[in-house]
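Please open the model in your viewer and keep the selection tool at hand. This tour visits a sheet and then a pair of helices.

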Amino acid sequence: MNYKLLWVDDEIELLKAHILFLEKKGYEVETVTNGYDALDRCSEESFDLILLDENMPGLSGLETLTRVKELLPATPVVMVTKSEEEHIMEQAIGAKIADYLIKPVNPTQILLTLKKNIQQKEIVTEHTQTGYQQEFARLGMQINDASSLDEWKEVYKKLTYWELQLSEAESGMQEMLAMQRHEANAEFAKFIRKNYMRWMEKPEDRPVMSPDIFKRTIFPLLDKGEKVFLVVIDNFRYDQWRVLLNEIGDAFTVEENLYCSILPTATQYARNAIFSGLMPNDIAKMFPDLWVDEDSEEGKNLNEEPLVRTHFERYRRKNTFSYHKINHSGAAEKFVAQIPQLQKNDLNVVVINFIDMLSHARTESLMVRELASNEAAYRSITQSWLRHSAVSDLFRSLANQDCTVVLTTDHGSIRCYNPIKVIGDRNTNTNLRYKLGKHLSYNPKEVFEIKEPLRAGLPSPNISTTYIFAMQDDFFAYPNNYNYYVGYYKDTFQHGGISMEEMLIPLVTLRGKKR
């Protein structure tokens, strides 16, 4: 592809060697000697990039720059000048120049700025695609050889890294990556089926899971005398954490980890397990007034603060704590205003619900589904929310406090495509990624089944209760009205089942750099 340049310089005759060099490199270079001619050309034609001398008689480079931006706002302009005065640089940068070169410039400098400002996207895409192609076979071997949760974490991190890279580069290889991710989730599901019940029966040998967050992360920090803010973003995936890191990483030192959610990967089970330090069945037995059954109309997470209190009491801890739930920007603003006063507490817990609300809204609203049409768009909405909501102020404020922030979630979500049939009675729960009931009919090869819920730390409303979990990108559909059901829920983000996206979730420690 030939790129067209406009070079504006009153001493253009002295730059013939540079122009010849660029033309040999395939660039088409048009020249003018003053700002007025430059404006005439810009009003008649578009250019891929403009090289603009700062010091010209008549209309100065900075004046020309302002008017060029009105005519061609998307065209990158590179200012070329003899002046190294700071105020001129600041004016040029303020006018949104693409680059700033000091005379005398050499051809290689110019070529570099052209590649950076015109060809960067295609160069990055080509480089990214080549990198993933080289990594593809190695990643495939890692997927096949992964035999521990730590190894699966590394697989998931690498897959997410390449997803973010290929998405940013707008590469056509995303479909290839999606196939490899699907293969990885199939193997991950086998790993979970093989190990999950053993983890439940021998908690001392398991990796960090939902009930272990306080014991293994929060309590050790409190024991060191640190003031801790525990921020739980509901339904927060690892790729969304990487997006958030881009927004707040400059303000914190970061210690990143992943942990494993319990099953079901649903708020009622996983988040209550975090706050209580107990498996769901233990909550139901020990604190029946704090556990809400599946068939209850009551909200499933109304008892989080008392669950935290019981957790401290069981460990005979005298730490002070507060609990807050943020469902909208007004609540976030109110919380931010309280942060200095909350420093008196040893622990402050804050639950943020936006991403879970977004996930449900995407299922129910055609408009939101259009806005978040794919994984990249879903992340983009998350990033926009993080950047423009009071949650950004929350993190900025915490960065300036003498405290440690633990950022985590209760579960992630996966984009579902493949319906699998299940039959249940009228008391069967409505979640699309897990079912529990007395008379479930399903293909056992398509699900992870738990026929003895108590062994898995799960409540058993009836003697014959069975839990089944969807794997990979499957979701449960009833035979009645099957086509409508599948059409409505296909390509929606769901949680409750077994996938890396739902189970391998962020557990991050943040400390403000200005402390």
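Begin by selecting Tyr434: this residue stands opposite Phe469 in E15. The structure is a predicted model, and the positions shown should be read in that light.

Next, extend the selection to the strands on either side of this pair. E13 pairs with strand E15, residues 466–469, in the antiparallel sense, and four bridges join the two.

Which strands complete the sheet, and in what order do they lie? Add E14 to the selection: the three strands form an open sheet in the order E13-E15-E14, with antiparallel pairing. Strand E13 (434–437) and strand E14 (448–450) stand at the edges; each has a single partner strand, so one side of each is left without a neighbour in the sheet. On average, neighbouring strands of this sheet are turned by 15° against each other, direction ignored.

Now move to the helices. Two packed helices are described by the angle between their axes and the distance between the axes. Select helix H7 (residues 149–168) together with helix H10 (residues 238–248): they pack at an angle of about 60°, and their axes are 10 Å apart. H7 is therefore oblique to H10. The crossing in which H7 passes H10 is right-handed.

Which residues meet where these helices pack? On the H7 side, select Tyr156, Lys157, Thr160 and Leu164; they meet Tyr238, Asp239 and Arg242 in H10. Coloured by class, this contact of H7 with H10 shows three nonpolar, one polar and three charged residues.

Notes: Residues are numbered from 1 along each chain as its sequence is written. This is a predicted model: local features need pLDDT of at least 70, side-chain atom pairs count only at pLDDT 80 or more; totals for chains, interfaces and linings use all residues. Side-chain values use heavy atoms; hydrogens and water are left out. Two strands pair if DSSP finds at least two bridges between them. Axes are lines fitted to C-alpha atoms, for helices over the stretch in contact, and angles run from 0 to 180 degrees between N-to-C directions. Angles under 35 degrees count as roughly parallel, over 145 as roughly antiparallel, 65 to 115 as roughly perpendicular and the rest as oblique. A crossing is left-handed if the near helix is turned anticlockwise from the far one by less than a right angle, and right-handed if clockwise. Contact means heavy atoms within 4.5 Å. Ala, Val, Leu, Ile, Met, Phe, Trp, Tyr, Cys and Pro count as nonpolar, Asp, Glu, Lys and Arg as charged, and the others, Gly among them, as polar.
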